Amino acid sequence: MSEHDEIGEVNQELTRMFRVGLQSASRLAEQMGRAREKQIRDAEAKSVQAARELRERLVAERSAIEAQLRPVMTDRWWEDASHAQIADSWQQARGWQDHSQPAADAADRIRKEVQTRYGIDAAAPGIDPREIENLLQAAEEAKRAAAAEQELAERENVKASELMAEADRLDKTATEAEGTPAETESPKTQTLIGRLRKPSTTRLNGAMPSPPT
């Protein structure tokens, strides 16, 4: 497989994941809308005071969402926006579009931009929940693997630093005891330094090589 073909496959996979993310955001927005309507009904059934307090809170939330979505209407935002930012904005816009004209405008702008830039219909239904689960599981596994790699690299760096410190200490001790010049390394120091310089069979993200035990 050529490098061009590999790049094409990667782009296709990224596009597929982006489409799934947008469709997931649409579902979440619908759930948010239904939950909000239920909150209003429950508050109205409870008391006039509860309904008024809830509406005041929703007005504040709507204002915050409108402020968050304002950059979506600018060309500059689209030049730098990541897939995650677009999906998050799509979720917020869809979730409030029936109660906010700015949110409705943002949803329309996102739909058009995503169609033009990525060839994706953000409002298309038919997402497979199993696909979302698989993507989430893959993301979680990648996160755990990255954390394990980072932890291993940090441990190897600590071991290397400890060995270097021990080599310096032994060299200083040998120099003081034998009266040899400071630049002359003792045999034990040479052994430790050799262990540090010995190539490791495992290198991880530029981490120091792991010394043998």
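Which helix does Met17 lie in? Met17 belongs to helix H1, which covers residues 3-46. Please keep in mind as you look around that this is a predicted model. The protein has seven helices and zero strands, and 30% of its 213 residues count as buried. Below is a friendly tour, beginning with the whole protein and moving on to helix pairs and single residues.

**The whole protein**

- Followed along the sequence, the pattern of the protein reads α-α-α-α-α-α-α.
- Take the contacts between residues at least 6 apart in sequence: 63% of them join residues at least 24 apart.
- About 14,300 Å² of the protein is exposed, and carbon and sulfur atoms supply 52% of that area.

**Helix H2 against helix H4**

- Helix H2 spans residues 48-69 and helix H4 spans residues 83-96; their axes come within 10 Å and cross at roughly 140°.
- H2 is therefore oblique to H4, since an angle has to be over 145 degrees to count as roughly antiparallel.
- The crossing of these two helices, H2 and H4, is left-handed.
- On the H2 side, the contact is made by Leu58, Glu61, Arg62, Ile65, Gln68 and Leu69.
- On the H4 side, the residues in this contact are Asp88, Ser89, Gln92, Ala93 and Trp96.
- Sorted by class, the contact of H2 with H4 has five nonpolar, three polar and three charged residues.

**Helix H4 against helix H5**

- H4 also packs with H5, at an angle of about 140° and with the axes 8 Å apart.
- Here too the handedness can be given: H4 passes H5 in a left-handed crossing.
- H4 brings His83, Ile86, Ser89, Trp90, Ala93, Arg94 and Trp96 to this contact.
- H5 brings Ala103, Ala106, Ala107, Ile110, Arg111, Val114 and Tyr118.
- By class, the contact of H4 with H5 comes to 10 nonpolar, two polar and two charged residues.

**Two glutamines of H4**

- Gln91 is part of helix H4, and so is Gln92.
- Gln91 counts as buried because its relative accessibility is 15%, and buried means under 20%.
- Once residues up to four places away in sequence are set aside, Gln91 touches Ala25, Leu28, Ala29 and Met32.
- Gln92 has a relative accessibility of 13%, so Gln92 counts as buried.
- With residues up to four places away in sequence left out, Gln92 touches Met32, Ile65, Gln68 and Leu69.
- Gln92 is also one of the H4 residues that make the contact with H2.

**Ala107 in H5**

- Ala107 sits in helix H5, which runs over residues 101-118.
- Is Ala107 buried or exposed? Ala107 is buried, because its relative accessible area is 4%.
- Not counting residues up to four places away in sequence, Ala107 touches Trp90, Ala93, Arg94 and Gln97.
- Among these, Trp90, Ala93 and Arg94 are H4 residues in the contact with H5.
- Ala107 and Ala123 are 16 residues apart in sequence, and their C-alpha atoms are 9.7 Å apart in space.

**Ile120 in the loop after H5**

- Ile120 lies in the loop between H5 and helix H6 (129-178).
- With a relative accessible area of 0%, Ile120 is buried.
- What does Ile120 touch, leaving aside its neighbours within four places in sequence? Ile120 is in contact with Thr15, Phe18, Arg19, Leu22, Val114 and Gln115.
- One of those partners is Phe18, which is 102 residues from Ile120 in sequence but 8.8 Å away in space, C-alpha to C-alpha.

**Back to Met17 in H1**

- Met17 counts as partly exposed because its relative accessibility is 37%, and partly exposed falls between the 20% and 50% cut-offs.
- Which distances separate Met17 and His83 in sequence and in space? They are 66 residues apart in sequence and 9.3 Å apart in space, C-alpha to C-alpha.
- His83 is among the H4 residues that make the contact with H5.

Terms used:
Residues numbered from 1 in each chain as written. Predicted model: local features only at pLDDT ≥ 70, side-chain atom pairs only at ≥ 80, totals over all residues. Heavy atoms only, no water. Axes fitted to C-alpha atoms, helices over the stretch in contact; angles between N-to-C directions. Helix = DSSP H or I, 4+ residues; strand = E, 2+ residues; numbered from the N terminus. Parallel < 35°, antiparallel > 145°, perpendicular 65-115°, else oblique. Left-handed = near helix turned anticlockwise from the far one by under 90°. Contact = heavy atoms within 4.5 Å. Nonpolar A, V, L, I, M, F, W, Y, C, P; charged D, E, K, R; others polar. Buried < 20%, exposed > 50% of the residue type's maximum accessible area, 1.4 Å probe, protein only. Areas by Shrake-Rupley, 256 points an atom, 1.4 Å probe, with all protein chains shown as cover.
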